[in-house]
Amino acid sequence: MNAGIIGIGRCLPEDKLTNFDLEKRMDTSDEWIRTMTGIEERRIARDEQDTSHMAREAAQKAIEDAGIDPAEIGLILVATVTGDQPFPSMSCMIQQEIGAINAAAMDLSAACAGFMYGVVTGKQFIESDVYKYVLVVGVEKLSKITNWEDRNTAVLFGDGAGAAVLGKVSEGRGILSFELGADGSGGKHLYQEEKFLQMNGREVFKFAVRQMGESAEAVIEKAGLTKEDVDFLIPHQANIRIMEASRARLDLPIEKMSKTIHKYGNTSAASIPISLVEDVEEGRINDDDVIVMVGFGGGLTWGAIAMRW
Ligand code: ACO
């Protein structure tokens with residue numbers, strides 16, 4: 001039997017920062033940001049709402065949605081590059097609070113592809129009968145590593161968390177195929193130096209357009225499917241132009257692609273699970289749909305999954 005997602009949840013900070021707010025803080029415009037990225041506003045966590053708080057809230061909702069006893073979770077994986085501190089890990093911090101008293105816990109660093117890496121790792125433990133349930137959280141408080149003086153990066157990012165409980169699902173459903181990859185030679189294009197995130201936007205853009213399309217096509221083929229079988233695409237919400245390129249490559253109509261970037265910006269490891277929750281809640285994803293999720297990020301890293309919901 002395949003591993004699949006049996007519960008989902010998310011946490012979005014209440015405070016909104018709009019493009020118009022940013023216009024007052026730096027030399028930018030709503031028009032530039034909307035046209036170049038698709039972003040209209042993003043959520044920013046307050047000082048007292050740290051990464052572990054958002055992770056915990058999303059995790060609790062996913063556990064409730066799955067309807068499981070948290071003591072049966074065997075492993076917690078938290079994907080983040082913006083933990084409260086290097087250690088203890090975010091996964092250890094939430095382990096006890098969510099009642100996962102029997103779970104092993106570790107964090108995972110793969111930037112925006114982190115949730116894909118987490119789900120694929122969790123799948124291995126479930127399908128080999130090591131653990132009954134694995135909790136995967138993607139969470140970022142990017143606002144704390146954003147240089148608010150740098151308009152090239154400050155307009156792009158937002159804070160939030162998304163979580164999924166993995167467990168066994170019936171035959172033919174769940175995770176059908178995956179692809180993970182990395183290219184350390186591209187690490188120089190997207191990294192944290194001292195306090196702040198640094199990015200060579202053009203290089204990341206080129207890489208993302210190529211890699212998102214290739215990875216999406218690869219998981220479709222590995223699952224023994226064709227593009228026509230895909231019901232819904234959830235691309236990492238980094239830039240609407242990158243997302244559109246992967247949608248075009250799969251020949252999907254616009255309503256079959258997840259789009260939350262206008263509301264939440266790029267929330268890195270949290271972007272795919274945040275979108276997944278919204279698409280399920282709003283009825284864009286239904287039982288038995290074939291979904292392709294695809295992400296890329298600093299490292300450089302990438303990951304894609306084909307799954308039947
Ligand atoms: N407001 C107004 N003008 C701006 C802004 C801004 N916020 N930012 C840049 N500009 C200007 C530049 O100064 C430049 O002006 P010039 O032509 O006079 O020199 C012009 O706009 C074009 O700038 P570019 O950086 O060349 O524009 P580009 O087309 O590359 O778009 C963008 C920039 C949107 C950042 C794009 O490169 C992109 O989305 N890249 C991918 C980013 C990404 O996905 N990052 C993932 C990070 S995920 C993670 O792991 C954390």
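This is a short talk on two sheets, a helix pair and an annotated site in one protein chain.

Okay, hi everyone. Before anything else: what we're looking at is a predicted model, so please keep that in mind throughout.

Let's start with the sheet I'd like you to find on screen. It has 4 strands, it's open, and the order across it is S8-S13-S12-S11, with mixed pairing. Which strands stand at the edges? Those are S8, residues 174-182, and S11, residues 232-235; each has a single partner strand, so one side of each has no neighbour in the sheet. If you ignore direction, neighbouring strands here are turned by 10° against each other on average.

Now let's walk across it. S8 is joined to S13 by 8 bridges, and the two run antiparallel. To find your place, look at serine 177, which stands opposite alanine 306 in S13. Next step: S12 and S13 also run antiparallel, again with 8 bridges. Alanine 306 turns up here too, as the bridge partner of valine 292. S12 and S13 make a hairpin, with 3 residues between them, and glycine 299 in that turn has a positive phi of about 150°. The last step is from S12, residues 290-297, to S11: these run parallel, with 4 bridges. One pair to click on there is proline 235 with its bridge partner, valine 294 in S12.

Let me stay with S13 for a moment. Is it buried or exposed? Of its 8 residues, 8 are buried, so S13 is largely enclosed by the rest of the structure. Here's a bit of background: side chains in a regular strand alternate between the two faces of the sheet. In S13 both faces are covered. On one side you have Thr301, Gly303, Ile305 and Met307, and on the other Trp302, Ala304, Ala306 and Arg308, all of them buried.

What lies across this sheet? There's helix H5, residues 114-127, which lies across S8, S12 and S13, running at about 55° to S13. Then there's helix H10, residues 271-281, which lies across S11 and S12 at about 145° to S11.

On to the annotated site. The UniProt record, an unreviewed entry, has an "active site" annotation covering Cys112, His236 and Asn266. In sequence they span 155 residues, yet no two of their C-alpha atoms are more than 8.8 Å apart, so they gather at one spot.

Take histidine 236 first. You'll find it in the loop between S11 and helix H8, residues 240-249. Why do we call histidine 236 buried? Because 32 other C-beta atoms lie within 10 Å, and the cut-off for buried is 20 or more. Setting aside neighbours within four places in sequence, histidine 236 is in contact with Cys112, Ser271, Ile272, Val294, Gly295 and Phe296. So we meet another annotated residue, Cys112, in that list, and also Val294, the partner of proline 235.

Asparagine 266 sits in the loop between helix H9, residues 261-264, and H10. It's buried as well, with 23 other C-beta atoms within 10 Å. Leaving out residues up to four places away in sequence, asparagine 266 touches Leu156, Phe157, Gly158, Gln237, Ala238 and Ser271. Ser271 is in the contact list of histidine 236 and in that of asparagine 266.

The same unreviewed record also places a domain, "Beta-ketoacyl-[acyl-carrier-protein] synthase III N-terminal", at residues 106-184. That span is 23% helix and 39% strand, and its end C-alpha atoms are 22 Å apart.

Next, the other sheet. This one is open too, with 5 strands in the order S1-S7-S6-S4-S5 and mixed pairing. S1, residues 3-11, and S5, residues 104-108, stand at the edges with a single partner strand each, so one side of each is left free of a neighbour in the sheet. The twist from one strand to the next averages 20°. S4, residues 73-79, runs parallel to S5, and 5 bridges join them. Alanine 79 stands opposite leucine 108 in S5, if you want a landmark.

Last stop: a pair of helices. The axes of H3, residues 51-66, and H4, residues 90-97, come within 9 Å and cross at roughly 50°. That makes H3 oblique to H4. The contact involves Thr51, Ser52, Ala55, Arg56 and Ala59 from H3, and Met90, Met93, Ile94 and Glu97 from H4. As for handedness, H3 passes H4 in a right-handed crossing.

That's my tour, thanks for listening.

Conventions: Residues numbered from 1 in each chain as written. Predicted model: local features only at pLDDT ≥ 70, side-chain atom pairs only at ≥ 80, totals over all residues. Pairing = 2+ DSSP bridges. Axes fitted to C-alpha atoms, helices over the stretch in contact; angles between N-to-C directions. Contact = placed C-beta atoms within 7 Å. UniProt positions renumbered as here; feature names shortened; annotations may be inferred. Buried ≥ 20, exposed ≤ 12 C-beta atoms within 10 Å, placed from the backbone. Parallel < 35°, antiparallel > 145°, perpendicular 65-115°, else oblique. Left-handed = near helix turned anticlockwise from the far one by under 90°.
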